[in-house]
Amino acid sequence: MIDEAVPEARGVSDRAPADRTASRTVAVWDLPLRLWHWALAASILAAWFTPTVYDTLHRIAGYTVLALLAFRLVWGFRGSRYSRFRMLRVRLRAAPGYLWNLRRGITGRYIGLNPAGTLMLVALLLSIAVSSITGALSVTVTFFGIWWIEDTHAYASDAVIVLVVVHVLGVVLMGLLQRENLIRAMFTGRKRIRHHN
């Protein structure tokens with residue numbers, strides 16, 4: 001089910017429908033959010049592959065992740081319509097039923113994040129926050145060498161990578177089920193919508 005009615009006047013391409021089911025696009029992910037997404041992905045990968053080998057790069061990547069998390073928190077309240085956190089509670093409540101329906105291939109149609117995507121967003125942001133905060137703490141005088149800080153950082157970092165893999169697989173699966181290139185949408189900022197005449 002489409003999460004919100006999409007106005008045809010704004011953000012939708014003006015191509016004439018070729019048949020009874022016309023495929024059009026609407027602007028969903030704004031440029032700051034898209035840049036944030038790919039910068040975060042690059043920083044997480046850099047941090048994952050550099051500990052104990054390239055410590056300086058690892059720390060730079062970690063601090064970059066912290067800065068990106070701070071930006072996302074602000075953008076969740078100040079960003080464009082689909083960047084905001086205003087639908088989090090509703091979507092999280094809908095997530096169990098949505099995941100249950102996915103077993104039968106029922107995906108619904110959402111312009112922004114679907115309930116499963118919202119659940120993944122929250123899980124990723126929380127695990128990334130724990131990983132980056134404990135990583136920053138572990139190099140301070142007060143918390144250096146504290147076992148539970150180091151262990152929490154290691155476990156949270158592993159959790160981030162597991163969630164990233166699940167996220168990518170979920171995007172590919174949803175793209176196949178809905179016959180849409182969702183990875184391209186995170187580059188272009190536009191998603192396809194269908195109008196039934």
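So, how much of the accessible surface of the protein belongs to carbon and sulfur atoms? The answer is 68%, out of a surface that comes to about 12100 Å². Before I go on, keep in mind that this is a predicted model.

Okay, the overall layout. We've got 6 helices and 2 strands here. If you walk along from the N terminus, you start on a strand, go through the helices one after another, and finish on a strand: β-α-α-α-α-α-α-β. The chain has 197 residues, and 37% of them count as buried. As for contacts, take the ones with a separation of 6 or more: 69% of those are between residues 24 or more positions apart.

Now back to the surface, since there's a spot I'd like you to look at. There's a nonpolar patch of about 560 Å². Who's in it? Trp38, Val168, Val172, Leu176, Ile183 and Phe187 make it up. Two helices each supply at least two of the patch residues, namely α5, which covers 147–178, and α6, which covers 182–188. The top contributor is α5, with 3 residues.

Let me zoom in on one member of that patch, Phe187. You'll find Phe187 in helix α6. Is Phe187 buried or exposed? Its relative accessibility is 52%, and the cut-off for exposed is over 50%, so Phe187 counts as exposed.

So if you have the structure open, go to α5 and α6 and find the patch they both feed into, then pick out Phe187 on α6. That's it from me.

Key: Residues numbered from 1 in each chain as written. Predicted model: local features only at pLDDT ≥ 70, side-chain atom pairs only at ≥ 80, totals over all residues. Heavy atoms only, no water. Helix = DSSP H or I, 4+ residues; strand = E, 2+ residues; numbered from the N terminus. Buried < 20%, exposed > 50% of the residue type's maximum accessible area, 1.4 Å probe, protein only. Contact = heavy atoms within 4.5 Å. Areas by Shrake-Rupley, 256 points an atom, 1.4 Å probe, with all protein chains shown as cover. Patch = residues over 30% accessible without salt bridge, like charges linked within 9 Å, V, L, I, M, F, W, Y side chains within 5 Å. Salt bridge = Lys/Arg side-chain N within 4 Å of Asp/Glu carboxyl O.
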